[in-house]
Amino acid sequence: MAARPGTRPTVNVRPLRSSAERDLVAERMRLTLLEVVGEELYTMEWLRARVDFHLEHGAVFVAEEQDEILGHTIVRVEEGAGLFSTTYVAPPHRRRKVAQLLVARGEEWLRARGMDEAVTYTAETNLPLQRLFQGLGYAEGERREGFVKLFRRL
């Protein structure tokens with residue numbers, strides 16, 4: 001459905017639906033690593049398998065607008081806490097609150113599974129993701145081996 005003239009289309013956050021979307025999320029996981037770490041660490045086959053793992057053991061949510069996937073977040077329960085594994089928004093759609101919508105949906109999923117804490121780990125150099133989560137009330141935890149933990153009570 002097209003937006004009314006002069007209005008912005010609505011961003012919808014929903015579960016991943018298809019293998020084509022799975023492949024897109026895997027590709028964007030690759031792009032995340034390139035952006036943050038500066039190198040490719042995994043094959044596309046491994047990344048697709050990782051998305052499949054999360055579909056079995058967690059959830060993958062995508063943000064879409066007019067049939068375009070703008071970004072995704074991946075969550076799962078691990079060691080008694082809710083874990084954000086990956087959150088990514090395509091560069092043309094950043095600074096539009098898409099990531100905030102994705103994180104909110106991930107937190108909702110975690111709360112529905114009885115989690116009272118959410119965490120994410122990211123490279124110490126990934127300042128944009130740190131600012132995103134800190135802006136959503138996450139506190140900085142331990143730093144170890146080049147990574148920082150961010151967490152908050154749900």
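Me: Where in the protein do I find Q66?

Reply: First, a heads-up: this is a predicted model, in which local features need pLDDT of at least 70, side-chain atom pairs count only at pLDDT 80 or more, and totals for chains, interfaces and linings use all residues. Residues are numbered from 1 along each chain as its sequence is written, and side-chain values use heavy atoms, with hydrogens and water left out. Helices (H or I, at least four residues) and strands (E, at least two) are DSSP runs, numbered from the N terminus. On that scheme, Q66 has its place in the loop between β2 and β3.

Me: And what is phi of Q66 near?

Reply: Most residues other than glycine have a negative phi. Q66 is not a glycine, yet its phi is positive, near 50°.

Me: E145 has a positive phi too; is E145 buried or exposed?

Reply: Phi of E145 is near 50°, and the residue is found in the loop between β6 and β7 (147–153). Buried means under 20% relative accessible area, exposed over 50%, and partly exposed in between (1.4 Å probe, protein chains only). E145 has 73% relative accessibility, so it counts as exposed.

Me: Zooming out, what pattern does the protein follow along the sequence?

Reply: There are four helices and seven strands to place. Read from start to end, they give β-α-α-β-β-β-α-β-α-β-β.

Me: What is the radius of gyration of the protein?

Reply: The radius of gyration is taken over C-alpha atoms, and the globule rule is 2.2 Å times the number of residues to the power 0.38. For 154 residues that rule gives 15 Å, and the protein comes out close to it, so it is as compact as a globular protein of that length. The radius of gyration of the protein is 15 Å.

Me: Among contacts between residues at least 6 apart in sequence, what share joins residues at least 24 apart?

Reply: Contact means heavy atoms within 4.5 Å. With that cut-off, the share of these contacts joining residues at least 24 apart is 58%.

Me: Which elements do the buried residues of α1 pack against?

Reply: Helix α1 covers residues 19–36, and its buried residues include V25, M29 and L33. Another of them is T32, which counts as buried at 17% relative accessibility and is in contact with V37, T86 and Y88, leaving aside neighbours within four places in sequence. The partners of the buried α1 residues are β1 (12–15), α2 (44–57), β2 (58–65), β3 (68–78) and β4 (81–89).

Me: Which residues of α1 is H72 in contact with?

Reply: H72 lies in strand β3 and is buried, with a relative accessible area of 1%. Leaving aside neighbours within four places in sequence, its contacts include F61, V62 and L102. From buried α1, the contacts of H72 include V25, R28 and M29.

Me: How are the rings of F84 and F133 paired?

Reply: Rings of Phe, Tyr and Trp (its six-membered ring) pair if their centres lie within 6.5 Å; planes under 30 degrees apart count as stacked, over 60 as edge-to-face and the rest as tilted. F84 and F133 have ring centres 5.5 Å apart and planes at 70°, so this pair is edge-to-face.

Me: How many residues apart in sequence are the parts that this pair ties together?

Reply: F84 is buried at 1% relative accessible area, and F133 is buried at 0%. F84 belongs to strand β4 and F133 to helix α4 (residues 127–135), so the pair ties together parts whose separation in sequence, in residues, is 49.

Me: Which residues form one aromatic cluster?

Reply: F133 also pairs with Y138, edge-to-face, at 4.8 Å centre to centre and 90° between the planes. Both F133 and Y138 are buried. The cluster is made up of F84, F133 and Y138.

Me: Which ring does the charged end of K149 sit over?

Reply: A charge sits over a ring if NZ of Lys or CZ of Arg is within 6 Å of the ring centre and within 35 degrees of the ring normal. The charged end of K149 is 5.6 Å from the centre of the ring in question, that of F151.

Me: How far apart in space are A139 and L150, C-alpha to C-alpha?

Reply: A139 has its place in strand β6 (residues 139–144) and counts as partly exposed, at 33% relative accessibility. Leaving aside neighbours within four places in sequence, A139 is in contact with K149, L150 and F151. A139 and L150 are 11 residues apart in sequence, and their C-alpha separation is 5.4 Å.

Definitions and conventions. Expected span 1.5 Å × (residues − 1).
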